[in-house]
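Thank you for making time this afternoon. I would like to walk you through one model, and I ask you to keep it on the screen while I talk.

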Amino acid sequence: MDRKPTRPPPLPSKTSGAWPVALLVVLCFASLPLFLALSRARPSLSDVWQMGVTVAPVREEDPAANSSEPSPASWDRLLGGLLSPDIGESACPSRYQSSLHRKPSPHSPSPYLVSRLRKYEALHRKCGPGTLFYKKSLMQLTSAYSMGLVECNYLVWTPCSGSHLGDRMLSMASAFLYALLTHRVFVVHVTDDMAGLFCEPFPAASWELPQGFHVHNLTQLRRGSEHSYANLLQAKKIKTDDPAGVRSESLPSYAYVHLEHDYQQPDQLFFCDDDQTVLSKVNWLILRSDLYFTPGLFLVPQFENELRWMFPARDTVFHHIGRYLFHPSNKVWELITRYHTSYMAKFEEKIGIQTTTFSGSKVSSEEHFKQIVACTSQEKILPEIDPSATSSVNGTASKAVLVSSAQPEHAEKLKAMYYEHTTVTGESVSVLQPAGAARRQASNQNTLAEMFLQSYCDVSVVSGRSTAGYVGHGLAGVKSFLLLAARNQTTAANPPCIQTTSMEPCFHAPPKYDCRAKKDGDLGAVLRHVRHCEDVADGLKLYD
């Protein structure tokens, strides 16, 4: 039966509280002379700002004069309302300072997304770890069954062992979006190799799973585990014949959702509407994934309206969710700011090159380097050199190239190329390489720092399939140039690269089962805005 489109919940009116605000402003300014007279010294502009008073000329005919919205300066500081002002800058400087290193994003979050994030923060404050509701919900886990009409339901994200930090961040962003859609509290199992990487993203409550969680074998959960959704379906402990008629009390207290690369059709039913109806009645979900599975959520009919209201521009999902969720810890932020201030800040234009060599590739390092040069030359990203003219040391470099690669020779060759020869345009180019990029076993702190440094670049050139590249250009809000994989596995691809038409990451291993048709099919042909990726033929990606 066709669903009738419903309207989004009404947003708070901008004028409903206009007269109390106007009265408060009048009283503030009426009492200001008295305050000045009684004070020992006149307040400075910074004092006025700290008091929360914005001094600006107001014209009677300006209808925006009585608006309660923040000033443009503070609005930009909060990324168009994406961030809550309820976390102090001293607790997490990167939260408010990171955007200063990028050009202003042309992609504004929708008012509905902003509203949903504020509502989620209230839910997390009420039900997050350490709260009374959380403790009550933990006790429920000791029961064999879920409970109906509970105040709080939870989604626990746990990382895949040995996965790259880029994989984890993309998976976390997808999991948080799922929690937002299903009104669950998002809790993160922070393993030792992730400790100290990020600030807490939610005001007044932690997102970290406390020790003593009643499910003791989180790191041991695998495909086919006893509590996996696929296994519960096969054992008939969960039935989807009559989704609406299923009662919470008949369902287990928790289910494990396995969305790793090796998942199979029973696990992939997670993306079906009926299965989501049943899963919504399970109090605790534990999810493990190394995939950006957001495009799969767009295939679930019951999520369509919410996703459309939250993301009118479909290719901005990770750009908004990533900037909302991920803020480097103070220790990592120190690494980032020290490098950016010392090496990157002085350049007018910054080009990021992030390359990854995947296991099994037979393309030599020299062929990879030729592909990078061919791409940057073909797309006019970097100026060509004049082989017959030696470089002059005079002048200041106007372009910086930040190279992140496990193959340090790429940066060295590029540096030598521009040091030894002049460019045909007369521009000078400086090549930079973070210290962590030259180490094959970089720590997660260095990896995170490099992804954020790459996100401060104006142009992005990345290896296809690279999740670190997806994170960098996704946070930056730019459409990257993808270095394509070679078809014959021995020589570089031709053409060397293409510019993406969407800045969204690719869902590398989407399901093959079409829930609507109830058979295997091409899910890249179901919706106009969910299509195949440029770098992974079978993958799915969001397009506007």
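I will go through the disulfides, then one helix, then the nonpolar cores, and finally two single residues.

A word on the source before I begin: this is a predicted model, in which local features need pLDDT of at least 70 and side-chain atom pairs count only at pLDDT 80 or more, while totals for chains, interfaces and linings use all residues. Residues are numbered from 1 along each chain as its sequence is written, and side-chain values use heavy atoms, with hydrogens and water left out.

Let me start with the disulfides. If we call a disulfide any pair of cysteine sulfur atoms within 2.5 Å, the count comes to five. Numbering the bonded cysteines along the protein chain, the pattern of pairing is 1-4, 2-3, 5-9, 6-7, 8-10.

I will take three of these links in turn, beginning with Cys92 and Cys199, whose sulfurs are 2.2 Å apart. The angle about that S-S bond is 95°, and the link of Cys92 and Cys199 is right-handed. Cys92 sits in the loop between helix H3 (72-77) and helix H4 (93-97), and Cys199 in the loop between strand E2 (185-188) and helix H8 (229-234), so the pair ties together parts that are 107 residues apart in sequence. Helices here are DSSP runs of H or I with at least four residues, strands are runs of E with at least two, and both are numbered from the N terminus. I call a residue buried under 20% relative accessible area, exposed over 50%, and partly exposed in between, using a 1.4 Å probe and protein chains only. Cys92 counts as buried because its relative accessibility is 2%, and Cys199 counts as buried because its value is 8%.

The next link joins Cys375 to Cys497, with 2.1 Å between the sulfur atoms. Cys375 belongs to helix H15 and Cys497 to strand E12, so this disulfide ties together parts that are 122 residues apart in sequence. The link of Cys375 and Cys497 is right-handed, with 90° about the S-S bond, and both cysteines are buried.

The third is the disulfide of Cys506 and Cys533, where the sulfurs lie 2.1 Å apart. Cys506 is in the loop between E12 and strand E13 (513-514), whereas Cys533 is in the loop between strand E15 (530-532) and strand E16 (540-542), so the parts tied together are 27 residues apart in sequence. Cys506 and Cys533 are buried as well.

That brings me back to H15, which covers residues 365-378. This helix has 14 residues and reaches 20 Å from its first C-alpha to its last, close to the 20 Å expected, where the expected span is 1.5 Å times one less than the number of residues. Which residues of H15 are buried? They are Ser365, His368, Phe369, Gln371, Ile372, Cys375 and Thr376. Seen down the axis of H15, these buried residues fall within an arc of 155°, so they line one face of the helix; the arc is that of the directions from the helix axis to the C-beta atoms. As background, an α-helix has 3.6 residues a turn, so residues three or four places apart point the same way. The partners against which the buried residues of H15 pack include strand E5 (349-355), helix H16 (409-420) and strand E12 (497-499), with contact meaning heavy atoms within 4.5 Å. H15 is followed by Lys380, whose phi is positive, near 60°.

Now to the nonpolar cores. A nonpolar core is a set of buried Ala, Val, Leu, Ile, Met, Phe, Trp, Tyr and Cys residues joined through side-chain atoms within 4.5 Å. The largest one has 118 residues, and those with the most contacts inside it are Phe176, Phe186 and Phe213. Helix H7 (residues 165-182) supplies the largest share of this core, twelve residues. Beyond residues up to four places away in sequence, Phe213 touches several others, among them Tyr134, Leu138, Trp284 and Ile286. There is also a second, separate core of 20 residues, which includes Ile351, Leu414, Val431 and Phe481.

I will finish with two single residues. Asn283 lies in the loop between helix H10 (273-279) and strand E4 (284-289), and Asn283 is buried because its relative accessible area is 3%. Its side chain makes a polar contact with the side chain of Gln140 at 3.2 Å; a polar contact is a pair of N or O atoms within 3.5 Å, and within protein one must be able to donate a hydrogen and the other to accept it, while residues adjacent in sequence count only if both atoms are side-chain atoms. Thr447, in helix H17 (residues 444-455), is buried at 12% relative accessible area. Thr447 and Ala468 are 21 residues apart in sequence and 8.4 Å apart in space, C-alpha to C-alpha.
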